[in-house]
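Please open the model in a viewer and keep the selection panel at hand. The tour below proceeds from one selection to the next and states what is to be found at each stop.

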Number of protein chains: 2
Amino acid sequence: MLDNRKKRILQAIIEEYIQTAEPVSSGMLSKKYDLNFSSATIRNDMAELEYANFLDKPHTSSGRVPSGKGYRYYVNELLKDNNITKEEMQYIKLKLEQKVNEIEDLTKIATSTLSEMTHYTSLAIGGTAISHNIEDIKFVLLGNRVLMAVILTDGGLIKETIIKFNADITEEQVRNINQIFNANLRGKSLAKIDKPMEEYIVSEMSYELQIIKPIIEQINEAILQNDDIYLEGTNRIFEMPEFKSYETARNFLNVIDTKELIKELLNTGQDEGIHISIGDENQYIELKNFSLITFKNIVEGKEMGTIGIIGPTRMDYSKVVSIIKYMLKELNE
Amino acid sequence: MLDNRKKRILQAIIEEYIQTAEPVSSGMLSKKYDLNFSSATIRNDMAELEYANFLDKPHTSSGRVPSGKGYRYYVNELLKDNNITKEEMQYIKLKLEQKVNEIEDLTKIATSTLSEMTHYTSLAIGGTAISHNIEDIKFVLLGNRVLMAVILTDGGLIKETIIKFNADITEEQVRNINQIFNANLRGKSLAKIDKPMEEYIVSEMSYELQIIKPIIEQINEAILQNDDIYLEGTNRIFEMPEFKSYETARNFLNVIDTKELIKELLNTGQDEGIHISIGDENQYIELKNFSLITFKNIVEGKEMGTIGIIGPTRMDYSKVVSIIKYMLKELNE
DNA sequence: CGTTAGCAGTCAGATGACAAGAGTGCTAAA
DNA sequence: TTTAGCACTCTTGTCATCTGACTGCTAACG
């Protein structure tokens, strides 16, 4: 589709633009990159690349800027994903090997490390427990009317939730509940805790509905809940020249400040692997000047959370993807 | 110290400046506010107010702008703290009456409500449990080597923490630990869980140190821990004209993005009541263009968290203080 | 036929001059 | 003590001009 020289030129333009954020000129390319063609030749190719919509031109007499299509081609065809140094690898390893008590802490560390290394804003959300199996479930009575349920999953997630009752609960009842739930649920998928389960316990075990119902409801909520959003490096945005403009910076902050939007961005169904969404490709217009790179941290089929990087379309895809790939590998241990 | 007319003029200037963010001129004052003096008279007073450092002048031929000292005088002497409408009161009531499972959720709601109503960025940190007494403490074994401690305080705080062991723990041991801790600690202040307590349990009750030590350590950490920072309305900053300047906006974001700084700001020892820190008064130079209004939510002597508002020095102190006062009253129920 | 030198044309951005407008400070009179 | 009036100051916006960085095109070259 594109001949070799055009590919090289496109690549050079994109990489140059990623670095400088300035429109790239033909003269610059022929000098700085050793393409061994005169600026005139490059100019001809640039004109064709522009005609084919890989490049844009801010105005008649300016250099070229990559278009969305250009970035997409670059990401799909030209991207090197081993753009990572030994030092960077070691640093990631070091960070991820910290002792943590809960999986969520690991997600937090990964998020901040990612932002630190890429210099972009990173965001993450904890995983729901829906894909996990129950390893242990315990109920604890706190005071007389407050019950806490603690669920340990085989993925190592710990979800706790509080259930409040209108009447006193006895220790005896707690023991019963503990026994019923463990007998029925241990080893089972958390997706199993639902209405039929509630009915089963109430009818088969003839246990009071007004106790079981709120428990099941709360546990279900806790399993599906992933409201904890981690955001790291919001201020990084100011390191990029394109955000010197008040409007773009404001726009960015508006996106970042809308928790529901972030939640949606990260939760939107995506399977394993790294997902890249460039400019216009994003499903929200607010993000049309941004690129989003996200990945689910899935360990042995169990979802642990979703992490993402958000930055200008002029993002250093190569660096970010390389770092994420390595990080994913490390997270699997 | 200041005669009546000067006070009125100072107040008018500050209130006008808070609204418009533009230097205030003598002509404007004599027209818009019914001071019944000519602009020349007002001009004379303004010159004196400037000489006494209550006002600044951006340049020779411009209107006046309040100085730090001016704001401080305004806040101390001229501020009306009942600047709140019935609708606003109702709205606060409505928000705070939502059913919540944990105190932290209440702090979260208060924070977002505050930001929403004042149009400034609000921030908060959960309280440590140090000022609380233990109402109940429970240990739950999750798997074989993971113990979870759940502490319920008389203030209604629930703190949970995870303790990992290198060797298996038996259910028998858990029962023992439960009994020992409840026997020794129920009703006592959480500040009591420390080294001496550890030694006491180990020597008097002759219980193994390698089990008790990590438990006490972790519990202590959990009591003192208040890492959860809530931030609401970061993007509000862009609603203020003074932050159209790239530098100030960037500066603001840098502050907001530094979790340690926020933690410090909110945790810095302050007793009951509303604390106002204006511009230069802030102990961090990064904040010299900002004002910070903070208050601890203390219910019956028990700390529940600290909430704050951060905005330009040109902040609507009257509105913010009025809202906070009412909110504090409501939070005490 | 692909490549290149050379040149005219285009446009953004910087610079400086200039006028308008908003305020002040000061003086003299009420 | 207050006020009208006027000269002076400084910011802001506008406009014209200039410079430099590119491109596109044409004609020549290997």
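A residue is counted as near a strand of DNA if one of its heavy atoms lies within 4 Å of that strand. With that cut-off, the largest share of the surface near DNA strand D comes from α3(B), which gives 4 residues. The model is a predicted one.

**First stop: DNA strand D**

Select DNA strand D and the residues around it. There are 20 of them, and those that come nearest are A:Ser26, A:Lys57, B:Thr41, B:Thr60 and B:Ser61. Of the strand D atoms that come within 4 Å of the protein, 78% are accounted for by sugar and phosphate. By class, this surface divides into 3 nonpolar, 12 polar and 5 charged residues.

Three side chains deserve individual selection here. Begin with B:Arg5, which has a polar side-chain atom 2.9 Å from a phosphate oxygen of DNA strand D. Proceed to B:Arg43, where an N or O atom of the side chain is 3.1 Å from a base oxygen of the strand. Then select A:Ser25: an N or O atom in its side chain is 3.5 Å from a sugar or linking oxygen of DNA strand D. Two elements give two or more residues to the surface near this strand, namely α3 of chain A and α3 of chain B.

**Second stop: DNA strand C**

Now select DNA strand C. Which residues are closest to it? Among the 21 residues that surround the strand, they are A:Arg5, A:Thr41, A:Ser61, B:Ser26 and B:Lys57. Sugar or phosphate contributes 78% of the strand C atoms within 4 Å of the protein, and bases contribute the rest. The surface near DNA strand C has 4 nonpolar, 12 polar and 5 charged residues.

The phosphate oxygens of DNA strand C can be examined through three residues. A polar side-chain atom of B:Lys57 lies 2.9 Å from one such oxygen. For B:Arg64, an N or O atom in the side chain is 3.1 Å from a phosphate oxygen. At A:Ser38, by contrast, select the backbone, where a polar atom is 3.1 Å from a phosphate oxygen of the strand. The elements giving two or more residues to this surface are α3 (39–51) of chain A and α3 (39–51) of chain B. The largest share, 4 residues, comes from α3(A).

**Third stop: B:Thr234**

Leave the DNA and select B:Thr234, in the chain B loop between β7 (229–232) and α10 (246–257). Is this residue buried or exposed? It counts as buried because its relative accessibility is 8%, where the cut-off for buried is under 20%. Show its surroundings next: residues up to four places away in sequence aside, B:Thr234 touches A:Leu253, A:Asp257, B:Thr121, B:Phe252 and B:Ile256. With one of these, A:Asp257, B:Thr234 makes a polar contact between side chains at 2.7 Å.

**Last stop: chain A as a whole**

Finally, select chain A and display its secondary structure, which has 12 helices and 10 strands. The C-alpha trace spans about 85 × 40 × 35 Å along its principal axes. The radius of gyration of chain A is 26 Å, whereas a compact globule of 333 residues would have one near 20 Å. Buried residues make up 53% of the chain. Of the contacts in chain A between residues at least 6 apart in sequence, 62% join residues at least 24 apart. With the surface displayed, chain A exposes about 15500 Å², of which carbon and sulfur atoms supply 47%.

Terms used: Residues numbered from 1 in each chain as written. Chains lettered and ligands numbered in written order. Predicted model: local features only at pLDDT ≥ 70, side-chain atom pairs only at ≥ 80, totals over all residues. Heavy atoms only, no water. Polar contact = N/O pair within 3.5 Å; in protein donor to acceptor, adjacent residues only side chain to side chain. Nonpolar A, V, L, I, M, F, W, Y, C, P; charged D, E, K, R; others polar. Rg over C-alpha atoms; globule rule 2.2 N^0.38 Å. Buried < 20%, exposed > 50% of the residue type's maximum accessible area, 1.4 Å probe, protein only. Contact = heavy atoms within 4.5 Å. Areas by Shrake-Rupley, 256 points an atom, 1.4 Å probe, with all protein chains shown as cover.
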